[in-house]
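Work through the exercises below with the structure open beside the text. Try each task before reading its solution.

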Amino acid sequence: YRRRVHGGYVRVVTAIISFFIAFDCPLTFSALYVTSFLLDAADGWAARKFNQCSRFGAVLDMVTDRMATAGLVLILSHLYATPIYYRGIFCCLNGLDLVSHYVRMYSTMYIGEENHKKCDRQTTNPLLYHYYNNRNVLGGLCFGNEFFYFLLYWLHFDLNPVSALTGLPTDLIHLLIFGGWCITVPLFALKQIINVIQMLSGIQLIIAHETATAKKTSSAESKRR
């Protein structure tokens, strides 16, 4: 368990360091950010492999994921500062990501679930159910979402250092990055749809639980009278 927590902390440290150098050292930023992303996958695998899943681990995992994504989106809002409405779009994307995951985490813990990924097939939106119960869907959409932002980050920078490092012409590198970014667009879009669904689903879950609790309380008071 301690190793898991330490792995989570390493993810936080690498992500934070990467934010400080994102505008001046894109290659180093990329190495650190991708390392943080890979540690996320390794941390989750280790938790399931060694039966070390816990509420604290689930919260740490979500908080770290949201911090990393929010940091990258904020960086993009500075790199793509014009036209000015781009900043508004990035702010809305950040808000949707943070709010939807917070509502999901809060609502599941509010009703007593051990894990925010646990959902019932009969009562859960089909997209949301497959997202949380199919690791290929979850991993693919999270990967697509992160690399949509990550490749957009690289489309802003001069690619000559990458060309010098790889020996490939800059035009080819730009084509590969842009092509990869285009592939991630539908995955990114679907991830935003799921964010909206999980936010609304979480709100409905809280309302339903409060309504049921109020009915039980009212019924118990009626019996006492």
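## Exercise 1: Cavities

In this predicted model, three cavities of 30 Å³ or more are counted.

Task: State the volume of the largest cavity, then find which residues and elements line the largest cavity.

Solution.

Step 1. The volume of the largest cavity is about 60 Å³.

Step 2. Its lining consists of Thr 69, Val 73, Leu 93, Asn 94, Asp 97, Asn 145, Tyr 149, Lys 191, Gln 192 and Asn 195.

Step 3. Assign these residues to elements. Two or more lining residues come from each of α3, α4, α6 (135-154) and α8 (170-224).

Step 4. Sort the lining by residue type. The largest cavity has three nonpolar, five polar and two charged residues in its lining.

## Exercise 2: The second largest pocket

Task: Which element gives the most to the lining of the second largest pocket?

Solution.

Step 1. Begin with the space itself: the second largest pocket holds about 220 Å³.

Step 2. List the lining residues. They are Arg 104, Thr 108, Ile 111, Glu 113, Lys 118, Cys 119, Asp 120, Thr 123, Thr 124, Ser 201, Gln 204 and Leu 205.

Step 3. Look for elements that give two or more residues to this lining; these are α4 and α8.

Step 4. With three residues, α8 gives the most to the lining of the second largest pocket.

Step 5. By type, the lining of this pocket divides into three nonpolar, five polar and four charged residues.

Step 6. Take one lining residue, Asp 120, and place it in the chain. Asp 120 sits in the loop between α4 and α5 (126-133). Its relative accessible area is 40%, so Asp 120 is partly exposed. The C-alpha atom of Asp 120 is 9.8 Å from that of Asn 133, and the two residues are 13 residues apart along the chain.

## Exercise 3: Salt bridges

Task: How many salt bridges are counted, and which parts of the chain do they tie together?

Solution.

Step 1. Recall the principle. Side chains of opposite charge can pair when their charged atoms come close.

Step 2. The cut-off is a side-chain nitrogen of Lys or Arg within 4 Å of a carboxyl oxygen of Asp or Glu. The count by this rule is two salt bridges.

Step 3. One of the salt bridges joins the side chains of Arg 11 and Asp 65, with an N to O distance of 2.5 Å. Arg 11 belongs to helix α1 (residues 2-21) and Asp 65 to helix α3 (residues 55-79), so this pair ties together parts that are 54 residues apart in sequence.

Step 4. Check whether these two residues are buried or exposed, using the cut-off of under 20% relative accessible area for buried. Arg 11 has 2% and is buried. Asp 65, at 18%, also counts as buried.

Step 5. A salt bridge also joins the side chains of Asp 97 and Arg 66, at 2.7 Å from N to O. Because Asp 97 lies in helix α4 and Arg 66 in helix α3, the pair ties together parts that are 31 residues apart in sequence.

Step 6. Apply the cut-off again. Asp 97 is buried at 4%, and Arg 66 is buried at 12%. Asp 97 is also one of the residues lining the largest cavity.

## Exercise 4: From α3 into α4

Task: Where is Pro 83, and what kind of peptide bond joins Thr 82 and Pro 83?

Solution.

Step 1. Pro 83 is in the loop between α3 and α4.

Step 2. The bond joining Thr 82 and Pro 83 is a cis peptide bond, with omega about -5 degrees. For background, most peptide bonds are trans.

Step 3. Move on to the surface. Ile 84, Tyr 85, Tyr 86 and Ile 89 make a nonpolar surface patch of about 420 Å².

Step 4. Locate one member of the patch. Tyr 86 is part of helix α4 (residues 85-110), and its relative accessibility of 30% makes it partly exposed.

Step 5. Arg 87 is in helix α4 as well. Its relative accessibility is 36%, so Arg 87 counts as partly exposed. Between the C-alpha atoms of Arg 87 and Leu 74, which are 13 residues apart along the chain, the distance is 8.7 Å.

## Exercise 5: The whole chain

Task: How many helices and strands are there in the chain, and what share of the residues is buried?

Solution.

Step 1. The chain has eight helices and zero strands.

Step 2. Along the sequence, the pattern reads α-α-α-α-α-α-α-α.

Step 3. The chain has 225 residues, of which 40% count as buried.

Technical notes: Residues are numbered from 1 along each chain as its sequence is written. This is a predicted model: local features need pLDDT of at least 70, side-chain atom pairs count only at pLDDT 80 or more; totals for chains, interfaces and linings use all residues. Side-chain values use heavy atoms; hydrogens and water are left out. Patches are made of residues with over 30% relative accessible area and no salt bridge: like charges are joined within 9 Å, nonpolar side chains (Val, Leu, Ile, Met, Phe, Trp, Tyr) within 5 Å. Accessible areas come from the Shrake-Rupley method with a 1.4 Å probe; for residues, only the protein chains shown count as cover. Helices (H or I, at least four residues) and strands (E, at least two) are DSSP runs, numbered from the N terminus. Buried means under 20% relative accessible area, exposed over 50%, partly exposed in between (1.4 Å probe, protein chains only). On a 1 Å grid over the protein atoms alone, a cavity is a set of points where a 1.4 Å probe fits but cannot get out, and a pocket is an open set with protein on both sides within 12 Å along at least five of seven lines; lining residues have an atom within 4 Å of a point. Grid points are joined across faces, edges and corners, and a volume is the space filled by probe spheres set on the points. Ala, Val, Leu, Ile, Met, Phe, Trp, Tyr, Cys and Pro count as nonpolar, Asp, Glu, Lys and Arg as charged, and the others, Gly among them, as polar.
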